[in-house]
Amino acid sequence: MSKVNNFSTTNSHWINWFKWSSPSTFYPVAGKLIPVFWILTAIFGIAGLWVSFFVAPVDAVQGQGYRIIFVHVPVSWMSMLIYLVMAAWAGIGLIFNTRLSSMMAQALAPIGAWMAFLSLWTGAFWGKPMWGTWWVWDARLTSELILLFLYLGFIALQASIENPRRADKAGAILALVGAVNVPIIYFSVKWWNTLHQGASVSLTKAPAMAQTMLWGMLLMVLCFWMYTIAVSLMRVRTLILEREAHSDWVRQLNEVKQ
Amino acid sequence: MWNSPSEFFVMGGYALYVWSSFGACAVVLLLEPFVIRMRHKAVIRRLKQQVLAERFDKESRE
């Protein structure tokens, strides 16, 4: 008997994840989380920029020009990571038919596209002084460009379908198929002998860079990570309001009622 | 490491490349939340108008 009771009490402590998949419960929670992630963005950003410009020593080969790494690597990582997270949310939305998951995918697409654009932009401004060219059709650069087009394709496809649930499904399939490109980008410098240098940081061996440079980069990565969460929560809240405009709970919101 | 502010801004001759990279990132990252905020406010404004219109509808029927 006591066993049964025990089970039911522990059971009640479990978080009911499906409760959070409802836009009406998620909307106020997201609103409370946004300032937290903005504060974290600011803390990591200030620390990261300080290390990038005032602590990390000058590079023996590339002089001060190498400091582009402190934005180039974080935006490039984020462009790939955001794509995988976006494809995962889109896939969950497709399988479980949860509206909020599809909205999360839709909210991540623009910020991912900007990260891919910035990766190409900062790469061009790094390539020019170091390689002598803004652009080459190298495996990594080309696959990153394809990633940007995948983001833009996802956004355009969703925008072109009137029914939001059908748009979610079509977008999810595009996002999942396009996910093949992410490992191609990541391993491109290994699989093909190209102009782009190999990985600066690897999980399997010691990083090929000074300790302080690595710290600066990791702080900047954390800053971009927190930024992405803050911005995607802001965007998903706007999407929720747009899509749920006719539901009662939206009409009952304090910001709408008064 | 830097002996003067101007030395910092010159970036050892790489000023154009370093500041174009950091500058573009700063512009994009600041503009993005600003644009979302504008869109959010526009949605709230539209919802308010709809709620108000419905209330007037109801009152005029009574």
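Me: Which exposed residues does the face of helix 7 of chain A carry, on the side turned away from its buried one?

Reply: That face has A:R166 and A:V177. Bear in mind that this is a predicted model, where local features need pLDDT of at least 70, side-chain atom pairs count only at pLDDT 80 or more, and totals for chains, interfaces and linings use all residues. As for names, residues are numbered from 1 along each chain as its sequence is written, while chains are lettered from A and ligands numbered from 1 in the order in which they are written.

Me: And what makes a residue of helix 7 of chain A buried, and which ones are?

Reply: You count the other C-beta atoms, placed from the backbone, within 10 Å of the residue's own: 20 or more is buried, 12 or fewer is exposed, and anything in between is partly exposed. In helix 7 of chain A, the buried ones are A:D168, A:G171, A:A172 and A:A175.

Me: Why are they said to be on the same side of helix 7 of chain A?

Reply: Take the directions from the helix axis to the C-beta atoms, which is how the arc is defined. Those buried residues cover an arc of only 110° around the axis, so they share a side of helix 7 of chain A. They pack against helix 4, helix 5 and helix 6 of chain A.

Me: What makes the length of helix 7 of chain A agree with its residue count?

Reply: A helix here is a DSSP run of H or I with at least four residues (a strand is an E run of at least two), numbered from the N terminus. The expected span is 1.5 Å times one less than the number of residues. For the 15 residues of helix 7 of chain A that should give 21 Å, and its end C-alpha atoms are 21 Å apart, so the two agree.

Me: How far apart are the end C-alpha atoms of helix 6 of chain A, and what should its 22 residues span?

Reply: Its end C-alpha atoms are 31 Å apart, where 32 Å is what the 22 residues should span, which agrees. Buried in helix 6 of chain A are A:A139, A:R140, A:L141, A:E144, A:L147, A:L150, A:Y151, A:F154 and A:Q158. Their cover includes helix 4, helix 5, helix 7 and helix 8 (181-191) of chain A.

Me: Why is A:G48 called buried?

Reply: A:G48 has 23 other C-beta atoms within 10 Å, so it counts as buried. It lies in helix 3 of chain A. Contact means C-beta atoms, placed from the backbone, within 7 Å. Leaving aside neighbours within four places in sequence, A:G48 is in contact with A:F70, A:G216, A:L219, A:M220 and A:C223. A:M220, on the same terms, touches A:G48, A:S52, A:F70, A:V71 and A:P74.

Me: Which residues, A:M220 among them, have the most contacts inside the largest nonpolar core?

Reply: The others are A:I68, A:M86, A:M104, A:A105, A:L108 and A:M115, in a core of 70 residues. Helix 3 (23-55), helix 4 (69-96), helix 5 (99-131), helix 6 (139-160), helix 7 (164-178) and helix 9 (211-243) of chain A, together with helix 2 (15-61) of chain B, each supply at least two of its residues. Such a core is a set of buried Ala, Val, Leu, Ile, Met, Phe, Trp, Tyr and Cys residues joined through C-beta atoms within 7 Å.

Me: Why does A:G63 count as partly exposed?

Reply: A:G63 has 15 C-beta neighbours inside 10 Å, so it gets the middle label. Its place is the loop between helix 3 and helix 4 of chain A. Beyond four places in sequence, A:G63 touches A:V58, B:G12 and B:Y14. The whole contact between the chains takes 23 residues from chain B and 33 residues from chain A.

Me: What makes A:N97 exposed and B:M11 buried?

Reply: A:N97 has 12 other C-beta atoms within 10 Å, so it is exposed, whereas B:M11 has 20 and is therefore buried. A:N97 lies in the loop between helix 4 and helix 5 of chain A, and B:M11 in the one between helix 1 (5-10) and helix 2 of chain B. Neither is a glycine, yet phi is positive: near 60° for A:N97 and about 55° for B:M11.

Methods
Two residues are in contact if their C-beta atoms, placed from the backbone, lie within 7 Å.
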